[in-house]
Amino acid sequence: MPERLRIYIIGVGGQGTLTAARLLGEVALRHGLEAVVSEVHGMAQRGGIVETGVKLGGYKGPIIGRGEADVVLAFEPLEALRGVLALGKASKKSWVLTNTHPIRPITVSLKLGEYPDLERAFAEVERRVARLIKLEATALAKEAGSPLSLNMVMLGALAATELLPFPPAELEEGIRAFAPRWAEVNLRAFRLGRAAVAQALAETRAPTE
Amino acid sequence: MPQLLARKRLLLGNEALAWGALEAGLGFATTYPGTPASEIGDTLARLANEVGIYFEYSVNEKVALELAAAAAASGVRALVAMKHVGLNVAADAFISTLYTGTRAGLLVVTADDPSMHSSQNEQDNRYYAYLAGAPLLEPSDPKEAYAMAKAAFPLSEELDLPVLLRTTTRVAHTRAGVEVGELPKPRERKVQGHFAKDPFRFVIVPSVARRAHKLLLERQKRAEALSESSPFNSVLGEGEELGIVTSGVSYAYVCDAIDELGIWERVRVLKLGMSHPLPRGLISQFLREVPRVLVVEELEPLLEMALRAQAQELGLKVQIYGKGVGGLSRLYEYDPDRVRSALARVLSLEEKEAEQERDEPSPWERLPDRPPVLCPGCPHRASYYALKLALGKEAENTIFTTDIGCYTLGLLPPLSMADHLLCMGSSVGTAGGFAKATDQRVIAFIGDSTLFHAGLPAIVNAVHHGHKFLVVVLDNRTTAMTGHQPHPGLDFSALGPAEPVPIERLLSGCGVRKIHVIDPEDLHGALLAFQEALKESERELTVVISRHPCVLLGQEG
């Protein structure tokens, strides 16, 4: 397990990115690691782009700079493209985990912009990073019992990569403590996300083994 | 909700700051909410009854500061928090408090917003410390926000001066592990004071002020001595090639960049946490120890100018670099890239690949944006829609003045009903100006909390001077954008039940004769009222209060 990790979380206001970031910070702290979590409040919450940085293991500054994200956790595919291709947060060493379910921006509905061709765009992402993993996180959240559990699916996906400096069980414990009322749905979502990515990883590994 | 136990917690800078103040024995706190300061007040509001302090969301920052100053003059430790532009509103009172001085500790918190994440400007409020002569503390992270809030009260009492504590968005809205201590028991907390009269100190007429200014300069000398020995001002590292002088969150980026570039043995860092008055002794020693100095500070080059002046006074040949090097400019917040590039430039290091890539134009940089929009079901949408129907084609020649709140988003298409905005309350004042100076129809939009904050004097002015325009009060029964804080129009405050000040009676008391109250969800009723109000507003100041609770009220938690 690495001691230091920079997780760049990007999504759309209302998707629960802040809660996911905060949970990672809480669990890291409980594990005995230093954690710095940057948040965005105010206007950005109203359907806007929400970027959060989670820096574990003794970083001081809250912002994740260009090429500095070890992991990009994208709650929406266009936002994955934004984080990697437009904002350049990833490097050749980065992992990118993204939800595949699009949320059309209002600028697209108003015909002020065009939603990009995801297939072509993700080919470009794949060229630029170490690893790209796509998952149907929105569908998995619904399967778990609530679309609001999307952030837990994404945390599960992250836990499956084994990049986190603490074991998944500690994250599950954090989820349980964070919102006991929703623990059942949240844990189901977490496990669905984790299983989906674990399976994707197993499939890609198999031929070389 | 945080428990009242001592332990390490993942706290937001704002929460840590509030906690530090509570630990220091805070007895009285006020605020007007504004990003990125809001969670200071919200944290205190949540804990106020439990820990037994007085807390209120005041009507505006000036009143908030006046209340806190009075509490501190009565011997109760007091805090007032606001966003950076809030200090403009409170500036008149603030500057006088440096002349009168304080008795119990008085902590004035300003939360600046470099990059304007949610503000109309990125003014650097460190200038206020210079302007007013206030001791200034600048935390670089939540841990320091906690420690400095705690230390501010004894510092304020030692100097008899209010202390200005300046955070920025990246300190206020960053979470980090903070080791907090125990809160004092309620009976150990002084929440009730006694004001010992001293009119020739606290009544700031010219003869008093002349003496007070002299006293302030003497107190600043003492403050400078305290700055020399302040634990918040320190030198890190022993490198002899380059000195780095920094304050606030820039310090964090500097440390990360030095780590990453692996240059700790080449540099030393002067970190200034108490950055006004500057520790001139510490600085002159630092300037003598290195051949070159790089100043890393967001926004204005205040430290840089002070260092240049001091080097000149000392006749030193030290090279001082700052704004203009690498990514360092007076614009926008700093980030790891900007700071690292400046350090690399000054030390002639190879820059990282990522730095060079930035200049490559890429088609992927033009992805569709997601501007913030009014929420689905937001009553403001209905108000805008009904008024748009009532105006028809006339909307094109109508000047829409707008104000600070969620409804500023009426700017964006398809609503496109915002033409002018300066600051809190400006919709009504500027509407008067447009009504007099043009022959166009003028409509002002203002929210309920904003009307109380700074709209009322402009209403009185418009009535008295006969300015003819329409005011639409978008009354969603809360201060929505900053997180649903109460305001004087409601029957509750942060601490419990309160006397409501009904907007229609208030306006009627100001002399407004044409007042309509509508529910924007009733489209037909709203349309009729707007049609009538538009006609009336050609003859006199007319107000439509469009009242419907924010769709998010009661949905939190």
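**Exercise 1.** In this predicted model, determine how E2(A) and strand E8 (residues 174-179) of chain B run relative to one another, parallel or antiparallel, and how many bridges join them.

*Solution.* Step 1: Strands of a sheet pair through backbone hydrogen bonds, in either a parallel or an antiparallel manner. Step 2: E2(A) and E8(B) run antiparallel, and three bridges join them. Step 3: Within E8(B), the residue opposite A:Ser38 is B:Thr174.

**Exercise 2.** Describe the side of chain A that touches chain B: which element gives the most to it?

*Solution.* Step 1: The contact involves 45 residues of chain A and 37 residues of chain B. Step 2: At least two residues each come from helix H1 (17-30), strand E2 (35-38), helix H2 (77-86) and helix H3 (106-109) of chain A. Step 3: H2(A) gives the most, namely five residues. Step 4: By character, this side of chain A comprises 22 nonpolar, twelve polar and eleven charged residues.

**Exercise 3.** Establish the strand order of the five-stranded open sheet in chain B, and state which strands stand at its edges.

*Solution.* Step 1: The order is E9-E11-E10-E13-E14, with mixed pairing. Step 2: Strand E9 (233-236) and strand E14 (319-321) of chain B each have a single partner strand, so one side of each lacks a neighbour in the sheet; these are the edge strands. Step 3: From one strand to the next, the twist averages 20 degrees.

**Exercise 4.** Which helix packs on this sheet of chain B?

*Solution.* Step 1: Strand E10 (residues 242-246) and strand E11 (residues 267-272) of chain B run parallel and are joined by five bridges. Step 2: B:Ile244 has B:Val269 in E11(B) as its bridge partner. Step 3: Helix H10 (residues 250-261) of chain B packs on the sheet and touches E10, E11 and strand E13 (292-296) of chain B. Step 4: The direction of H10(B) makes about 150 degrees with that of E10(B).

Conventions: Residues numbered from 1 in each chain as written. Chains lettered and ligands numbered in written order. Predicted model: local features only at pLDDT ≥ 70, side-chain atom pairs only at ≥ 80, totals over all residues. Contact = placed C-beta atoms within 7 Å. Helix = DSSP H or I, 4+ residues; strand = E, 2+ residues; numbered from the N terminus. Nonpolar A, V, L, I, M, F, W, Y, C, P; charged D, E, K, R; others polar. Pairing = 2+ DSSP bridges. Axes fitted to C-alpha atoms, helices over the stretch in contact; angles between N-to-C directions.
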